[in-house]
Amino acid sequence: MMGTSKGEALIVDGKRLDGRKFDELRPIKIEAGVLEQADGSAYVEMGGSHVLAAVYGPVEMHPRHKMLPDRVVLQTQYEMAPFSVPDRKRPGPDRRSKEIAKVTKEALESVIYVEDYAQSAIRLHIEILQADAGTRVTGLTAASVALADAGIKMRDMVAACASGKIDDTIVLDLNGIEDNTGQADLPVAYAVGLDEITLLQMDGLMTEDEFEQGLKYAIDGCKTIYELQKDALKRRYKNE
């Protein structure tokens with residue numbers, strides 16, 4: 001799985017096709033509090049991937065029989081807008097969306113003070129407006145900011161990004177071409193202040209050394225994103 005679909009190299013003269021270094025993130029934009037009707041919200045761009053996250057709650061749990069006596073239920077929905085990809089996507093959740101919603105929920109529950117919102121629900125909606133690789137980590141990054149914007153008590157925010165393998169080389173933050181034709185993908189979510197990994201997945205094959213390099217790249221990327229998350233929240237509330 002080296003090179004593009006036409007067999008062209010993804011790395012030329014020591015640089016990727018978009019000109020980035022191996023350990024360089026795509027341009028990132030994070031805004032908090034973008035939706036008036038939500039209790040918390042965030043908009044994140046990571047390169048060509050654009051994501052909106054909204055939080056409602058805590059609210060009364062429905063249906064009541066799914067209420068938990070000792071912790072909150074984080075109801076997580078991840079959806080790709082029909083216009084988010086070149087080939088129009090059928091509306092509604094599919095198997096991939098449900099899987100991403102599940103791992104997102106688990107990654108965030110590990111930092112939320114779930115016992116403080118027992119017998120209630122927090123509703124988290126993640127909408128992919130434009131997809132160009134890394135949508136699950138972009139969604140996680142947006143969701144964490146939206147939860148903080150909603151005032152949900154957390155031990156820390158979670159930042160997320162992915163590293164990967166292209167042309168037998170480990171790189172950070174795959175773009176669409178790299179993701180579609182590369183050799184491996186390593187999404188990571190990291191609570192920087194806690195020094196805790198809350199999500200770690202891998203698609204493809206890496207050697208042990210490649211995995212360690214990819215994990216280091218991803219954690220360093222998360223540290224950069226974490227500062228941007230904090231900056232977004234500071235901008236949101238500095239005039240209030």
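This report walks through the annotated domain, the salt bridges, some buried positions and a few backbone details of a predicted model.

## The annotated domain

Let us begin with the record. An unreviewed UniProt entry carries the annotation "domain: Exoribonuclease phosphorolytic", which covers residues 24-152 and 156-220. In the model, the span 156-220 is 29% helix and 42% strand, and its end C-alpha atoms lie 17 Å apart.

The residue that opens this span, Asp156, sits in the loop between α2 and β8. Asp156 is buried, at a relative accessible area of 9%. Leaving aside residues up to four places away in sequence, Asp156 touches Val111, Ala191, Val192, Gly193, Leu194 and Tyr226. Ile11 is another matter: 145 residues separate Asp156 from Ile11 in sequence, and their C-alpha atoms are 36 Å apart in space.

## Salt bridges

How many salt bridges does the model contain? The count comes to 17. Side chains of opposite charge can pair when their charged atoms come close. Three of the pairs are set out here.

| Pair | N to O distance |
|---|---|
| Asp132 and Arg26 | 3.7 Å |
| Asp149 and Arg236 | 2.9 Å |
| Glu210 and Lys165 | 3.0 Å |

Take the salt bridge between Asp132 and Arg26 to start with. Asp132 belongs to the loop between β7 (120-130) and α2 (135-149), while Arg26 belongs to the loop between β2 (15-16) and β3 (28-32), so this pair ties together parts that are 106 residues apart in sequence. The two partners differ in how they meet the surroundings: Asp132 is partly exposed at 27% relative accessibility, whereas Arg26 is buried at 5%. Both also belong to a wider network of salt bridges, which links Arg16, Asp18, Arg20, Arg26, Asp132, Asp173 and Glu178.

Next comes the salt bridge that Asp149 forms with Arg236. Asp149 is part of helix α2 and Arg236 is part of helix α4 (residues 208-237), so the pair ties together parts that are 87 residues apart in sequence. Asp149 is buried, with a relative accessible area of 6%, and Arg236 is partly exposed at 28%.

Glu210 and Lys165 make up the last pair in the table. Their salt bridge links distant parts of the chain, with Glu210 in helix α4 and Lys165 in strand β8 (residues 159-166), 45 residues apart. Here both partners are buried: the relative accessible area is 17% for Glu210 and 10% for Lys165.

## A buried charge without a salt bridge

Which side chain of opposite charge is nearest to the buried Asp185? That is Arg136, 6.0 Å away, and Asp185 has no salt bridge. The reason is simple: a salt bridge needs a side-chain nitrogen of Lys or Arg within 4 Å of a carboxyl oxygen, so a nearest distance of 6.0 Å does not qualify. Asp185 is found in strand β10 (residues 184-191). Beyond its sequence neighbours up to four places away, Asp185 touches Ala162, Ser163, Gly164, Leu174, Asp179, Gln201, Met202 and Asp203.

## Nonpolar residues, inside and out

Is Leu147 buried or exposed? Leu147 is buried, at 0% relative accessibility, and its place is in helix α2. Not counting residues up to four places away in sequence, Leu147 touches Val55, Leu108, Ile112, Ile122, Ile152 and Met154. One of these contacts, Ile122, is 25 residues apart from Leu147 along the chain, with 9.2 Å between the C-alpha atoms.

On the surface, Val12, Leu17 and Ile177 form a nonpolar patch with about 260 Å² of accessible area together. Val12 is found in strand β1 (residues 11-12) and is partly exposed, with a relative accessible area of 42%.

## Backbone details

Three spots in the backbone deserve a look. The peptide bond from Gly57 to Pro58 is cis, with omega near 10°, and Pro58 has its place in strand β5 (residues 49-60).

Asp167 has a positive phi of about 45° although it is not a glycine. Asp167 lies in the loop between β8 and β9 (169-172) and counts as buried at 13% relative accessibility.

Asp195 also has a positive phi, near 55°, in a residue other than glycine. Asp195 lies in the loop between β10 and β11 (196-200) and counts as exposed at 57% relative accessibility.

Technical notes:
Residues are numbered from 1 along each chain as its sequence is written. This is a predicted model: local features need pLDDT of at least 70, side-chain atom pairs count only at pLDDT 80 or more; totals for chains, interfaces and linings use all residues. Side-chain values use heavy atoms; hydrogens and water are left out. UniProt positions are given in the numbering used here, feature names are shortened, and annotations may be inferred rather than shown by experiment. Helices (H or I, at least four residues) and strands (E, at least two) are DSSP runs, numbered from the N terminus. Buried means under 20% relative accessible area, exposed over 50%, partly exposed in between (1.4 Å probe, protein chains only). Lys and Arg count as positive and Asp and Glu as negative; His and the chain ends are not counted. Contact means heavy atoms within 4.5 Å. Patches are made of residues with over 30% relative accessible area and no salt bridge: like charges are joined within 9 Å, nonpolar side chains (Val, Leu, Ile, Met, Phe, Trp, Tyr) within 5 Å. Accessible areas come from the Shrake-Rupley method with a 1.4 Å probe; for residues, only the protein chains shown count as cover.
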